[in-house]
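Please open the structure in your viewer and follow the stops below in order, selecting each group of residues as it is named.

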Amino acid sequence: MSQSAIHIQNGSCPVYKKCGGCQLQNLSYEEQLRFKQNKVIKLLKPFGRVSPIIGMENPYRYRNKVQAAFFTDRSGKIHSGVYQSGTHRIVSVDDCQIEDALADRIIVAVRRLLPSFHLSTYDEDARRGFLRHVLVKRGFATNQVMLVLVTGTPVFPSKNHFVKAIRAQFPEITTIVQNINPFRTNLVLGEREIVLYGKGTIEDELCGCRFRISPKSFYQINPVQTEVLYGKAIEFAGLRGNETVLDTYCGIGTIGIIAAKHGAGQVFGVELNGDAVRDAIQNAKANGLKNIRFFQGDAGEFMQNVAQEGEHIDAVMMDPPRAGSSEQFLDALVKLSPTTVVYISCNPETLARDLHYLTAKSDYRVQAIQPVDMFPHTQHIETVVLLTSKAALANRF
Ligand code: SAH
């Protein structure tokens with residue numbers, strides 16, 4: 001671990017208090033890891049031993065997705081930055097130590113270009129103006145860069161000149177998308193998209209597989225640690241070849257596709273977001289896989305249908321959002337009775353809740369608990385858990 005880098009940068013962020021995004025920045029990286037380890041132990045101790053959290057070699061500049069909100073102050077000056085934690089106030093940020101540096105520079109350049117193109121920022125109260133947010137996604141392995149301009153209206157004056165100007169400054173940008181969000185909402189992205197330049201998607205590589213990513217699809221924000229996390233998940237799944245695997249809450253299909261590459265006989269993925277499902281189908285093709293199918297829908301309903309049909313499933317990988325899984329999902333899981341369950345969680349509180357429910361209702365028992373630090377300096381904790389069931393194993397033979 002590069003100690004010196006940590007000590008020089010630790011606590012040096014000028015907007016640490018105002019922003020509130022890096023809640024643990026007052027701690028050294030070692031202290032942060034200890035804090036997270038203790039939190040997981042506190043929540044998951046009843047289920048078994050917690051392996052030591054896997055930290056990052058260099059816990060800076062890890063975010064491959066950067067998002068900024070835009071506003072104009074009373075003097076007419078345009079600002080870009082992040083919402084102060086838990087509020088709707090924007091804190092100006094030009095350069096953030098956990099974000100990709102190129103992405104930060106592109107956002108500042110967009111801001112500086114606005115006045116010369118007579119483009120305004122969007123005023124949410126007056127529901128007037130143009131630019132609301134800018135989103136940059138970068139494939140660290142491929143170096144492809146997506147710029148998404150989120151606008152309050154579809155009309156984009158001097159659109160072609162603007163695209164030319166930003167591309168001239170950043171030839172690294174491989175695609176530019178206008179996303180239109182005219183609604184009063186906390187969501188950054190709206191439904192409608194217009195591709196202004198390039199394919200409208202970027203690609204990245206993880207664990208030897210290639211993945212297409214759309215503006216609205218979920219993609220893990222720390223690719224270095226994602227490889228560590230997925231590596232553990234695949235190890236826990238213990239695939240020997242020919243197993244039938246479910247990849248639930250699959251996003252763009254990353255885990256299922258990697259499982260298929262690691263010998264799964266067939267994989268079925270389910271995901272709610274239609275754009276992500278389209279990416280997943282495309283990704284299976286691009287990786288030359290024929291034994292994988294993706295479905296759009298609610299994971300709980302999907303599980304219930306699979307359980308009702310009496311399908312034989314060997315392993316279920318589940319990676320729900322922060323709210324955790326649902327009782328419908330967990331009930332169907334027990335009915336389906338796969339030998340192995342791998343639960344990947346970005347919220348140890350809902351993970352503990354779901355594990356309590358599952359272990360009370362069945363003979364699934366936790367065999368391994370592995371936290372991985374995906375979000376250095378923030379309070380967020382990722383954990384992967386292996387569960388097996390003796391009854392499920394006995395039913396196989
Ligand atoms: N496994 C993926 C995505 C994990 S994020 C990866 O590692 O990249 C969680 C995903 O669950 C998101 O893509 C989100 O769109 C999806 N999701 C949220 N609620 C869902 C539901 N009820 N049913 C299915 N998918 C859901």
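A residue is taken to be near the ligand if one of its heavy atoms lies within 4 Å of it. With that cut-off in mind, and remembering that this is a predicted model, select the ligand and its surroundings: there are 16 residues around the ligand, of which Tyr230, Glu271, Asp298, Ala299 and Asp319 come nearest. If you colour this shell by class, you will find 8 nonpolar, 5 polar and 3 charged residues.

Stay with the ligand and turn to its polar atoms. An oxygen atom of the ligand lies 2.5 Å from a polar side-chain atom of Tyr230, whereas at Ala299 a polar backbone atom is the partner, 2.8 Å from a nitrogen atom of the ligand. Leu272 likewise offers a polar backbone atom, at 3.2 Å from a ligand nitrogen atom. Of the 570 Å² that the ligand exposes when taken alone, the protein buries 86%.

Next, select the aromatic rings; a search of the whole structure finds 6 aromatic pairs. Begin with Phe117 and Phe162, which form an edge-to-face pair with 5.4 Å from centre to centre and 75° between the planes. Because Phe117 lies in the loop between helix H4 (101–113) and strand S4 (131–138), while Phe162 belongs to helix H5 (residues 159–169), this pair ties together parts that are 45 residues apart in sequence. Phe117 counts as buried at 17% relative accessibility, and Phe162 is buried as well, with a relative accessible area of 2%.

From there, move to Phe268 and Phe295, whose ring centres are 6.3 Å apart and whose planes stand at 40°, so the pair is tilted. Phe268 sits in strand S11 (residues 266–271) and Phe295 in strand S12 (residues 292–296), so that the pair links distant parts of the chain, 27 residues apart. Phe295 is partly exposed, with a relative accessible area of 28%. Before leaving the rings, add Phe130 and Phe156 to Phe117 and Phe162 in your selection, for ring pairs link these four residues into a cluster.

For the last stop, select Gln37 in helix H3 (residues 29–44). Is Gln37 buried or exposed? With a relative accessible area of 12%, Gln37 is buried. Leaving aside residues up to four places away in sequence, Gln37 touches Val50, Ser51, Pro52, Ile53 and Pro371. Look in particular at Ile53, whose backbone nitrogen is reached by the side chain of Gln37 at 2.8 Å. Finally, show the C-alpha atoms of Gln37 and Ile54, which are separated by 9.6 Å although the two residues are 17 residues apart along the chain.

Terms used. Residues are numbered from 1 along each chain as its sequence is written. This is a predicted model: local features need pLDDT of at least 70, side-chain atom pairs count only at pLDDT 80 or more; totals for chains, interfaces and linings use all residues. Side-chain values use heavy atoms; hydrogens and water are left out. Rings of Phe, Tyr and Trp (its six-membered ring) pair if their centres lie within 6.5 Å; planes under 30 degrees apart count as stacked, over 60 as edge-to-face and the rest as tilted. Helices (H or I, at least four residues) and strands (E, at least two) are DSSP runs, numbered from the N terminus. Buried means under 20% relative accessible area, exposed over 50%, partly exposed in between (1.4 Å probe, protein chains only). A polar contact is a pair of N or O atoms within 3.5 Å; within protein, one must be able to donate a hydrogen and the other to accept it, and residues adjacent in sequence count only if both atoms are side-chain atoms. Accessible areas come from the Shrake-Rupley method with a 1.4 Å probe; for residues, only the protein chains shown count as cover. Ala, Val, Leu, Ile, Met, Phe, Trp, Tyr, Cys and Pro count as nonpolar, Asp, Glu, Lys and Arg as charged, and the others, Gly among them, as polar. Contact means heavy atoms within 4.5 Å.
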